[in-house]
Amino acid sequence: MLLILAAPLSWAQPISEYSPPAGRQVIEKAFPNATELQPMEGNRAVQEVYAGDELIGYAYQSLDFVQTPAYSGKPLNAMVVLDTAGEIRAAKVIHHDEPILLVGIPESKMHEFTDQYTGLKADQRVTVGGTSTERKVAVDGLSGATVTVMVINEVIMRTAHRVGVEIGLIEGGESNRPPMANVNMEQFQEKSWQELTGDGSIRRLVLTKGQVDDSFVGTPAEGIETADAGERDDILIELYAAYLDAPTIGRNLLGENQYQWLMSELQDGEHAIAVMANGEYSFKGSGYVRGGIFDRVQIRQFGDTFNFRDLDFHRLSDVYGEGMPEFSEMAIFIVRQQYNFDPGTPWTLELTVKRQTGPLDSEFQVFPLEYQLPDQYYTRPEPVLTDEEWLENQPLWIQVWYQKQFQITVLGLGIAVLLFILFFQDWLVQKPKMMRWIRHGFLVYTLFFIGWYALGQLSIVNVLTFVNSLISGFKWETFLIDPIMFVLWAVVAGIVLLWGRAVYCGWLCPFGALQELINEIARKLKVPQYTVPFAWHERLWAIKYIILLVLFGISLESMATAERMAEVEPFKTAITLHFDRTWPFVTYAVLLLVVNIFTRKVYCRYLCPLGAALALPTKLRVFDWLKRRKECGNPCRLCDKECEVQAIHPDGHINYMECHYCLDCQMTYFDDHKCPPLIVKRRGKRRGHNAPGHPEEIPVVQVN
């Protein structure tokens, strides 16, 4: 009895020892009278907050419950504190990798955003933006970081509801569940081990010794039982889990006789799960021998945890899966009917690792193996939901897409107009005045709608994030979370393959549009224009490729550092944040625009790493729709002198890697009052002959 009483007390720690310090500060802000914390029995990720002997609230870190990727592609971590009535007393993001907040919007604005959650109930529906109603509470968003704050809202309110239901502070567990899924017991297909792991029927978790050691950093167990430097990459445990009731899974793993025996053992509402592992760490442990409870594994679903006793355990020794590896440990665990387990809803097998810090003191870390039964194995009655209720149950990225329907529609219309311009360019450029109005109008649309309103300014950070995700593990949700950026990148990918980088840089880049419009105004005001000598020009354009290589190299070592170095782009200052930044950033952006007044698009031509990244695949483009003649470059050099970005070489050929597709050269190409070959042709027709012998007359020979 003394041991039973002493063990929970040994887990308590003074609030001054809680790590990380940022989390401790949030708890102290919520409860200035708090004295100590104690892990909650049954869910050690939740800390009970005490003032003396009185329980006054609960605290937890969101990362222990959800790992929703934010704009950076990485999950953020929020500290949330609830009181015993289920009200949020404090919420604050204590770690993030958001580029817009690392270098851009002050973090104080993010904290002002999270302060709005103080006083809200854990079961309230909260939306970012809009108007508060009886059914929902609307909190003010954060301009320039819409996706980030929507993720913060999702993380805070989802975890608050989940923890509140689990503790019993609010209702919601049963009433908010979908109709129970029904496993299709008639469906069977022979599958090998490789096929079962490939389609998600069997899920896997691998933990190295180094990963486990790192999880205890900052806790009293830091440095205890750590692996040697040379062993950090050694596997501590390789854990597999599978839901056995589904015949395709159970029969292929267990064989027909063992599967039928197992199903006969199950009562209505009970479910069987196979757990298999290799490695030095045992998921069984030895606690079940002494106390009858498996203290290293448990299942979590709907915020509820299911522990296993020795009576819920069956030995698994004979397995028949084709290609199945040998395992050092195998077990079948029965989820009993009282847990109301739903086989079609995601669940988590949680593995606990303990480090002894004293005779009675221990530290614990929980590692989740997430499992979702593939759709083909079950059916679920369709619930009757309103549109609003249906949307609430969708993944965050779908909610964001619905919220931005207007922006997506207008962007789609703009892209349709651009495609019309590209496909009918030969007809449009023969009407120069109309074409210039169309171009300037589209640049205004790009700047004001795509850039300043929809915040659709692409960045080299997006490219680095994409490459990094391919290396570390690609997830569509990382990119779908921002629909404007996703649509733009999808369009740009197609455009680069069809027309090259030129179309994006000349038509869809908001900062490029800003530069060009400013330069056009300067020309109207007769501001002198300066042309960089071509010999210097073709050397200067290499700078952007060097910048791209440097940023790419840095990103392989540290993505956060690369994001800071990417401030060589003025996009965040000029477009995303509307120049609302500290003076060094604003000065840099304004300086580039001032230089642009006298020489068009200096930044785009010589410094832009995004332009360099898009230029690299340009040689793979399908079309060369910019027409040239044999005489272009020799003897006629009209177009290369008129090209504002100097993408036409002195020999007459167009460098698509530097072209911005303004179509000025094409307007000259079709203008028989401006293009020398056409002038000759027109005059010859007027006189009835080609009038040879005149040096200014150049015969017309179309190349493409």
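**Helix packing and selected residues in a predicted model**

Gln 61 lies in strand β4, which spans residues 54-61. The structure described here is a predicted model. The relative accessible area of Gln 61 is 16%, and because buried residues are those under 20%, Gln 61 counts as buried. Its side chain makes a polar contact with the side chain of Asn 77, at 2.8 Å. When neighbours within four places in sequence are left aside, Gln 61 is in contact with Tyr 18, Ser 19, Pro 20, Asn 77, Ala 78, Met 79 and Ile 94. Asn 77 thus appears both in this list of contacts and as the partner in the polar contact.

The overall architecture is considered next. The protein chain contains 30 helices and 19 strands. Along the principal axes, its C-alpha atoms fill a box of roughly 115 × 60 × 55 Å. The chain has 704 residues, of which 52% count as buried. Among contacts between residues at least 6 apart in sequence, 70% join residues that are at least 24 apart.

Helix α8 illustrates burial at the level of a whole element. This helix covers residues 247-254, and seven of its eight residues are buried, so α8 is largely enclosed by the rest of the structure. The buried residues are Pro 247, Thr 248, Ile 249, Gly 250, Asn 252, Leu 253 and Leu 254. The elements that cover them include the helices α6 (193-198) and α9 (256-265), together with the strands β10 (202-208), β11 (235-243), β16 (329-335) and β18 (362-371). Just after α8, Gly 255 takes a positive phi of about 90°.

The packing of α8 against α9 can be described further. Two packed helices are described by the angle between their axes and the distance between the axes. For α8 and α9, the angle is about 125° and the axes are 6 Å apart. This angle makes α8 oblique to α9. The crossing in which α8 passes α9 is right-handed. On the side of α8, the contact is made by Pro 247, Gly 250, Arg 251 and Leu 254, while α9 contributes Glu 256, Gln 258, Tyr 259 and Leu 262. By class, the residues of this contact divide into four nonpolar, two polar and two charged. Of the α8 residues named here, Pro 247, Gly 250 and Leu 254 are also among the buried residues of the helix.

A second pair of helices is formed by α4 (residues 107-115) and α5 (residues 146-167), whose axes come within 11 Å and cross at roughly 40°. That angle makes α4 oblique to α5. Here α4 passes α5 in a right-handed crossing. Met 110, Phe 113 and Thr 114 of α4 meet Val 149, Ile 152 and Ile 156 of α5. The contact comprises five nonpolar residues, one polar residue and no charged residues. An α-helix has 3.6 residues a turn, so residues three or four places apart point the same way.

A third pair consists of α12 (residues 396-403) and α13 (residues 405-423), with axes that come within 5 Å and cross at roughly 65°. This crossing makes α12 roughly perpendicular to α13. Trp 401, Tyr 402 and Gln 403 in α12 meet Gln 405, Gln 407 and Ile 408 in α13. The contact of α12 with α13 has three nonpolar and three polar residues, and no charged residues.

Two further residues are found in the loop between α27 and α28. Lys 627 lies in this loop, which runs between α27 (609-615) and α28 (638-642). With a relative accessible area of 18%, Lys 627 is buried. The side chain of Lys 627 makes a polar contact with the side chain of Asp 426, at 2.7 Å. Pro 617 also lies in the loop between α27 and α28. At 26% relative accessibility, Pro 617 counts as partly exposed, whereas Lys 627 counts as buried. From C-alpha to C-alpha, Pro 617 and Met 657 are 8.9 Å apart in space, although 40 residues separate their positions in sequence.

Terms used: Residues are numbered from 1 along each chain as its sequence is written. This is a predicted model: local features need pLDDT of at least 70, side-chain atom pairs count only at pLDDT 80 or more; totals for chains, interfaces and linings use all residues. Side-chain values use heavy atoms; hydrogens and water are left out. Axes are lines fitted to C-alpha atoms, for helices over the stretch in contact, and angles run from 0 to 180 degrees between N-to-C directions. Helices (H or I, at least four residues) and strands (E, at least two) are DSSP runs, numbered from the N terminus. Angles under 35 degrees count as roughly parallel, over 145 as roughly antiparallel, 65 to 115 as roughly perpendicular and the rest as oblique. A crossing is left-handed if the near helix is turned anticlockwise from the far one by less than a right angle, and right-handed if clockwise. Contact means heavy atoms within 4.5 Å. Ala, Val, Leu, Ile, Met, Phe, Trp, Tyr, Cys and Pro count as nonpolar, Asp, Glu, Lys and Arg as charged, and the others, Gly among them, as polar. Buried means under 20% relative accessible area, exposed over 50%, partly exposed in between (1.4 Å probe, protein chains only). A polar contact is a pair of N or O atoms within 3.5 Å; within protein, one must be able to donate a hydrogen and the other to accept it, and residues adjacent in sequence count only if both atoms are side-chain atoms.
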